[in-house]
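Here is a short briefing on one protein model. Keep the sequence and the 3D view open as you read.

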Amino acid sequence: MSRPAQSFDAIILGAGGAGLMCAAVAGQRGRKVLLLDHADAPGKKILISGGGRCNFTNVNAGPQQYLSANPHFMKSALGRYTAADFLALVERHGIAWHEKTLGQLFCDGSARQIVAMLLAECDKGAVTLQLKAPLRDISHADGRFRVKAGDRIHEAPALVIATGGPSIPKLGATGFAYDLARRFGLKVVEPRPALVPLTLGGDQILFRELSGVTTEVVAHAGKASFREAALFTHRGLSGPAILQVSSYWRPGEEVGVDFLPNAVSGWLLAAKRERPRTRLRGFLGTMLPERLATTLVDRLGIDGDLANLPDRKLMHAEAQLGDWRFRPTGTEGFAKAEVTVGGIATAGLSSQTMEARSVPGLYAIGEAVDVTGWLGGYNFQWAWASGWAAGQAL
Ligand code: FDA
């Protein structure tokens, strides 16, 4: 005989950052909440984030650091639950933190502290957490959602999709959110890997020999540009600057790299006047890692004492070094992507509550939604803010 369905006020699918925050907020508002996840532990991405120290927010977080088909969608949630709000929570739990660079806040100790904090907040809200719960049947009738998880059936008038995006499948990430959203008639903006290393091939394969070399650059793809470190890898390009532009890059497009972002216009001609007997290779080696300088000079096809190089060639070299064009062959894919660009289309959701306009009681939050942040704590801030917004509405 089958067991009767257990009844809740809300069922939240996915115990990542967004689902945990949403569950805690709704639970503390007196809602009877069930939080389900197929993984054996909650918050796995939090645990591996920020090199184990979790870059849990960014003090500069605002809509301008997010990509979405609707660049206004995230304004309401980010404005109502800010980086300062999350930081206040972190401090209430006595978690020591520090600002690293560019407004990025990290735990001094371990990312585990963030998961423990969110679980303690869920406990305060008497949230029922069920792990290792493969989701089988999800149906909707008479204003109630029924979810079969393992061998149990649960039902509630509200269902929250918080199962994230497909980046890093080995951690349990899936495209489940999109399938479910489509079943309820919601649209999905084509998902693609983001904050992901780019691969090089063809005649740019030589750059792979620089694997391990890092240098500060300004990288740009389309209209987006970022000044941070770039790293050459055995497959192509990575490092924060490249990960940032990867979110904007489309297959077939070029990525431009300024290898000398501190150099002022005319620096190479000035060097020719000031130190005519210096070789170009040696001179670049004073400004860039030596192996990189050597490869770039080889690719430029000019070398020798600066005095012997025509101004025209030096001007051309300066222009190339300031906007070196790479044409990536692709990305390292979802296996290596920190996040997913695209996802459940915001057009079908309320920006105030994250509720689906066409399906009352259905919500979507976190990375599952077509809102993607830059590298630097912005994605967690979206998870907290969207989770909080839905948690207030459940
Ligand atoms: P998230 O993916 O965290 O959670 C989804 C949950 O749903 C998971 O627990 C999963 O098991 C569960 N689930 C999925 N499919 C399911 C199914 N079919 N049935 C049941 N459960 C299912 N961001 C940042 O701001 N600062 C940082 O330092 C980092 N660092 C970082 C490092 C690495 C290596 C990665 C991969 C990512 C980051 N990020 C980051 C990004 C950040 O981790 C990400 O944006 C958030 O974890 C998204 O939170 P969500 O809760 O939306 O999804």
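A residue counts as buried if 20 or more other C-beta atoms lie within 10 Å of its own, and as exposed if 12 or fewer do. Keep that rule in mind for helix 4. The model is predicted. The briefing covers an annotated domain, two sheets, one helix and the surroundings of a ligand.

**Helix 4**
- Helix 4 spans residues 83-92, and A83, F86 and V90 are buried in it.
- Looking down the axis of helix 4, you find its buried residues within an arc of 70°, so they line one face of the helix.
- The exposed residues A84, A88, E91 and R92 sit on the face of helix 4 turned away from its buried side.

**The annotated domain**
- An unreviewed UniProt entry annotates residues 9-392 as "domain: RsdA/BaiN/AoA(So)-like Rossmann fold-like".
- Helix makes up 29% of this span, and strand makes up 24%.
- The end C-alpha atoms of residues 9-392 are 13 Å apart.

**The sheet of five strands**
- Strands of a sheet pair through backbone hydrogen bonds, either parallel or antiparallel.
- Five strands build an open sheet with parallel pairing, in the order 8-3-2-12-22.
- Strand 8 (128-130) and strand 22 (362-364) are the edge strands, and each pairs on one side only.
- On average, neighbouring strands of this sheet are turned by 20° against each other, direction ignored.
- Strand 3 (residues 33-36) runs parallel to strand 8, and three bridges join the two.
- L34 has T128 in strand 8 as its bridge partner.

**The sheet of four strands**
- Another open sheet has four strands in the order 1-11-10-9, and its pairing is mixed.
- Strand 1 (6-7) and strand 9 (135-141) stand at the edges with a single partner strand each, so one side of each has no neighbour in the sheet.
- Strand 10 (residues 144-149) and strand 11 (residues 152-156) run antiparallel, joined by five bridges.
- F145 has A156 in strand 11 as its bridge partner.

**Around the ligand**
- Which residues come nearest to the ligand? Of the 37 around the ligand, they are G14, G16, S49, G164 and G366.
- Helix 1 (17-28), helix 2 (44-48) and helix 12 (378-393) each give at least two residues to the shell around the ligand.
- Helix 12 supplies the largest share of that shell, four residues.
- The shell around the ligand holds 16 nonpolar, 16 polar and five charged residues.

Notes. Residues numbered from 1 in each chain as written. Predicted model: local features only at pLDDT ≥ 70, side-chain atom pairs only at ≥ 80, totals over all residues. UniProt positions renumbered as here; feature names shortened; annotations may be inferred. Pairing = 2+ DSSP bridges. Axes fitted to C-alpha atoms, helices over the stretch in contact; angles between N-to-C directions. Near = placed C-beta within 6 Å. Nonpolar A, V, L, I, M, F, W, Y, C, P; charged D, E, K, R; others polar. Arc of directions from axis to C-beta.
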